[in-house]
Amino acid sequence: MKLRLSPQPYEWLDRKQIIEFEFEGEVYEGFKGDVISAALWANGVKTLGRSFKYHRRRGLLSLANHDINALFQSKDYPNIRGDVTPIEDYMSVRAVNTFGSLKHDKGTLVEWIGKFLPVGFYYKAFYSPKFLFPKWESLIRTMAGLGTVDTDWTEERKPKRYLHCDVAVIGAGPSGMAAALKAAEQGVDVCLIDENPVIGGSLDYQFANEPDLGAERKRLKKGIASHPKIQVISSAYVAGYYGDHWLAVNTPQGLIKVSAQAVVVATGVFEQPAVFRNNDLPGVMNASAAQRLISRYAVKPCNTAVVLTANAEGYRAALDMKKAGIEVKAILDTGERHCRCVQEAEKNGLVIYHNAEMVEATGKQSLQGIVFRESGHERALECDGLLMSVGWAPAGAPIYQAGGKFSYDERLEQLLPSQLPDGVFACGRINGVFDIEHRIQDGEQAGLNAALYASDEPVPDSMDLRATQAHSHPYPIWEHEKGKNFVDFDEDLQLKDLKGAIAQGFDNIELMKRFSTIGMGPSQGKHSNMNGIRILAKARGQSIDETGSTTARPMFHPTPVSHLAGMRFRPERLTAMHTFHQRYQAKFMEAGPWLRPEYYRTGLPRKMCIESEVNSVRTSAGLIDVSTLGKLEVFGKDAAELMDRLYTMRMSNMKVGASRYALMVDDSGVVIDDGVAIRYSEEHFYVTTTTTSSDNAYRMIQKKVIEWGLSVTVLNRTGQLAAMNLAGPNSRKILAKLTDLDLSSEAFPYLAMRQATVAGYPVTLIRVGFVGELGYEIHVDSAYGLRVWEAIMKAGEAFTIKPFGVEAQRLLRLEKGHIIVGQDTDGLTNPYEADMGWAVHLKKPYFIGKPSLAKLKEMQSRTLVGFEFLSVQAEDVPLESNLVIEDGEMAGRITSIGYSPVLGKHIGLAMVDVALKEVGTSLQIRLSNGRMVKAKVVETPFYDPQGLLQIPQDPEELSQESVA
Amino acid sequence: MPLRLLKYAWKKPEEEPRFFPDEKPLKKAYDVVIIGGGGHGMACAYYLAKEHGITNVAVLEQGYIGGGNTGRNTTIVRSNYLTAEGVKFYDQSVKLFEDLSDEFDLNIFYSTRGHFTLAHTDSAMRTMRWRAEVNKHYGIDSEVVDVETIKKDIPYMDVQCNGQHPVMGALYHAPGSVARHDAVAWGYARGAQMRGVEIHQKTQVTEIKTQDGKVKGVQTNRGFIEASKVISMVAGSTPRITKMVDMQTPIEVFPLQACVTEPVKPFMNTIVVSGSLHVYVSQSSRGELVMGASVDPAELHSTRSTLDFVEGLTDQMMDLFPFTSRLKIMRQWAGMSDITPDFAPIMGKTDLEGFYLDAGWGTWGFKATPVSGKTMAYTVANDRDHDLIKPFSLSRFEEFALVGEKGAASVGH
């Protein structure tokens, strides 16, 4: 660790713990607390990565969590950030995006041909001749990307947490710490979020050698540590501000979703690099990066330094270097400065050149010297470190995302918040406050104001503590005829690239970004956008504000998918009878969040299991779990009115104790749901919906109740009630064993509803006929669902009752020609097309979709028909969705098909042009393999067309109660 | 090395022709004013000039070229739609896309990747089969493939979906492609302006002047422009424009969000869509995974991003690609989708003479860019709806001649 310094006062290292890690196949040592980049630098490793496009050697630039040229790969992760990821024992990493190795990267070939790859080069070539494009594209894709994904990586998920506080302070530098403490002193809950493992921010690296600040540092840090109202979340950043002070805070342990009443943005500023030839040579870095290296990791940035500066901070950095035993060859001041730091630098014997201009950095693998111009003379200096202190750009993402605005302050040469949303406060350097005492004071007023705001108290105006002198160079950019002056280090963009983009008409900040890709790399422009704006503004002769800036969208830093996703929660709903289904070897299928028995496995092939269930219903009795249906209770003064408006049939004239088919269409008359409605009393209905639309229907109905201002309550009882359908010729006999209710047709006719006791439990019974047999739908409290079910199964033993699943039901209803909404209907099907005009009561004053249906009734172009095959080879049986073809044109499609064991043939429903609807018409069906088969249109229902079986004794009931 | 690259490289930036001209003053009058400088507007201007010789055209863009949904979509191009109308229309679009690079002399990176729409339920399988059958009928290369085929093409996908919603099959659409969305707009813009069309950025239309049921011109933040033909091609801003002419459309605007990961070496060469899981994903030539989910649940005229979106998307994404948990989301954004009740666009003439509408592009606008530009240019030039867009007229909502493309939307609604 040849560049390691003696212990520094605020270093983050645990020197007792030495950690060995591997980089590019070689073993290095570091201390616990080192990040990868610092540990490597301490060992004299200055090439940390290769650049994205030209594969140039790159070292440290910011050491502030956005050094995209120091990205590493381990066997488990891509794109590991060297400037923020701590070293660990046995860690083994290599640089990303190299061809061969970091030292001998064949990718450097690209730099040799770099001349031929100017900005947007890929738009200009590779497309002609067309057949070669895939080859070029494949080459481009090989060169693209950073880290490598191993598709065998297993899933990783980190739990999320929620946190509520009054004031969230983002950034624990001097002003953020002051804000947090001040806010907490007002008695509100404060949450202080900082990117680093140790709070303190620039107080500990820019002002490490300021003896006067010792007491203040102690006050702030101790105050925060001991204050019961402050919760510190360190090593965490605000990935996004999402409105209403809702913050996504990413920590190494996972995401914390913070809901605050007020937010203090004390995120500070990003130091911006200067743009000059070879400004990317390892050894050229931001002055603050050098200060961080020394203060946090006790690592010497270099042995001999030159400082390029446009502000007082550069002088302070030069002094810090000297203190750390680094020879400071010169301070190159881009102008002339008069401040305490200058005097101090002079006192310390530092050489200062005023009005200096950068020419270039020189060196092969890393920085060996620099050339600059001063008073018209070019001078060269030898050095292995060039520290750039030429300006700052706000870390303004939370403010932008909250809807705030920035405008350029010509005095400070910096973008400052000009408009802050309610409850968002800014302080410190992001607010243009640079003097350290002022930064603390600014933090205190922001903390106080945020606390007041969070407590609904009036917020006073703040004192303007902004600096009066520029801390940024208005144009820290030096041209060079040989180029290689990089503006965007992520994307390898040089000054000429941006100029090229502008010259070609991409002279709007967004267009320049999109054409050149500036700011689109993983650092999202943190070190490049400001210079990009300056370059564009100058080229167009506009002000910075006229030029504008691009939008700072989430994420602030790239945020792990595993954190955003969190733990895997997939709600799964089980019916009350689930354990029975399991015992009976049900094959389950998903129906929305529910699991339903598709069929029950008996050891026979699937088809035979299903047919045997069908036979059981047709010949004796079957029982199906229909608990997944949506179940809504509707009660109140306007219950009947609501029902009339929601459903196509009239519901208000339904007798108490009766049931009715309930068909729902949308405004355009499209069938969206169906079920059964029953009437418990004048003002009390109960209605079922299809399984998948239950939530939508409930939500829509709730909305309508409010819109229409009806006095009615809608209760979603889907999960509270179990439901089952007992069907088959013997169903009455089975049910009679379990209830005292008179089940005779006179007492309990078809489509009637009764409340009774079955097996000792209170239930609602509806006589229904969906599957075409005598049948009862039984609705019962979920708690008793299984007991009632088992009682029926037991009572049915003598009749060899069988449970049946969804597949058998599909076949049974198909035999009856009943539709399934969503299968036999599509996104445009109206009731007339579905052959259900009987379910539409246009005489009602209003129902949803009525105006549309009134017109649609007269303009039907397609309709649902039944069809059958007299004989068809097994391999020629069409599939659902196969097309009906007439004269070479599409004339319809099959919506349902199945083999009816009772009828001994394949039957189906098809939506066809009305021209094909007549019974006896021959349908030409195109199989998936292109072959054609013929079917014949027939009457539906296919089975028991008169419906005698579902109303075994008194067929006249059908005309009385069922349909209009 | 391609010759064109050599040519480009040896030129000085100033020698390279500008894509877009410098700002210049608005003229008093134009033959045609196009509101909206996105892909559709630029394409329409281009075809007006190129195919109909109408060059006295102004494209007015309130922001910058391609800054709306053109620059916010996930760049997928396909024609595996569900209805005859949709299939024919998008097939034309795909064919136009294939030749655009040559036509523009600009590489739009039209890259044919193959497009899998996964089915996790038997009802989704039915829809896939329906689309495949309709596609095949019109000669579109689509087919239903089984899980084994999917596994072979996308070996790194967990077809079991972590034990829930296992993949049952997919609709495979070989021509499914991605393209560099910005370049499409730029190519059209450059082509249009080379032929004399004027493009005015930062020019907002504030009013449309009419007289006796005819369009007279538009008021902008830069003054009044006389024009007897005005076309609105503004996607999510459509309600603002139609309000200016008191026109009712059934359009509702919902935000549609998307995000990208940090770049990684390309490994995913196909486009994968799962309606059930609300995920669609492809990997760009920069190495980013470009991902989207479904439109936001509530109507909103805004492009703000939400945390729910990215949480939900990443969670579901992992069911298909567990290893993506090690990637990082770099950026998220949103666009405003103008959605119609039948998920098909609204195109063509309107009741107001001289006012043409190209709207209702919801989540399927980018892939229609060339064909919508071409057919709208025809419609405007001849004042007669192009045959391909007749089914998409605004009047269908009164005549109940809806198109019904919901089943073919990749994006959940």
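The following paragraphs describe selected helix, loop, sheet and interface features of a predicted model.

In chain A, helix 8, which spans residues 287-297, packs against helix 9 with the two axes coming within 10 Å and crossing at roughly 35°. The crossing of helix 8 of chain A past helix 9 of chain A is left-handed. On the side of helix 8 of chain A, the contact is formed by A:Ala287, A:Ala290, A:Gln291 and A:Ile294, and on the side of helix 9 of chain A by A:Glu313, A:Gly314, A:Ala317, A:Asp320 and A:Met321. By residue class, this contact between helix 8 and helix 9 of chain A comprises five nonpolar, two polar and two charged residues.

One of the charged participants, A:Asp320, belongs to helix 9 of chain A, which runs over residues 312-323. A:Asp320 is classed as buried because 24 other C-beta atoms lie within 10 Å, the threshold for this class being 20 or more. When neighbours within four places in sequence are set aside, the contacts of A:Asp320 are with A:Ala208, A:Asn209, A:Gln291 and A:Ile294. By contrast with these contacts, a separation of 81 Å is found between the C-alpha atoms of A:Asp320 and A:Met890, residues that are 570 apart along the chain.

Several loops carry backbone features that merit separate description. A cis peptide bond with omega near 0° leads from A:Ser128 to A:Pro129, and A:Pro129 itself is placed in the loop that connects helix 3 (121-124) with helix 4 (133-143) of chain A. Another cis peptide bond, with omega about -5°, links A:Thr940 to A:Pro941, where A:Pro941 occupies the loop between strand 48 (932-938) and helix 26 (957-962) of chain A.

Positive phi values in residues other than glycine also occur in loops. A:Asn65, with a phi of about 70°, is situated between strand 4 (57-58) and strand 5 (71-73) of chain A, and A:Asn65 is partly exposed because 18 other C-beta atoms fall within 10 Å. In chain B, the phi of B:Asp212 is likewise positive, near 50°. B:Asp212 counts as exposed because it has 6 C-beta neighbours inside 10 Å, and the loop that holds B:Asp212 joins strand 10 (205-211) to strand 11 (214-220) of chain B.

The strands flanking that loop take part in an open sheet of three strands in chain B, ordered 10-11-12 and paired in the antiparallel sense. Strand 10 and strand 12 (223-226) of chain B form the edges of this sheet, and because each has a single partner strand, one side of each is left without a neighbour in the sheet. From one strand to the next, the twist averages 25°. The antiparallel pairing of strand 11 with strand 12 of chain B extends over four bridges, and within this pairing B:Gly217 has B:Glu226, in strand 12 of chain B, as its bridge partner.

Between the chains, 81 residues of chain A make contact with 76 residues of chain B. The side of chain A that touches chain B is made up of 35 nonpolar, 24 polar and 22 charged residues. Strand pairing also links the two chains, since strand 29 (residues 559-560) of chain A and strand 18 (residues 328-339) of chain B are joined in the antiparallel sense over two bridges. In this pairing, A:Thr559 is positioned opposite B:Ile329 of strand 18 of chain B.

How values were computed. Residues numbered from 1 in each chain as written. Chains lettered and ligands numbered in written order. Predicted model: local features only at pLDDT ≥ 70, side-chain atom pairs only at ≥ 80, totals over all residues. Buried ≥ 20, exposed ≤ 12 C-beta atoms within 10 Å, placed from the backbone. Contact = placed C-beta atoms within 7 Å. Axes fitted to C-alpha atoms, helices over the stretch in contact; angles between N-to-C directions. Left-handed = near helix turned anticlockwise from the far one by under 90°. Nonpolar A, V, L, I, M, F, W, Y, C, P; charged D, E, K, R; others polar.
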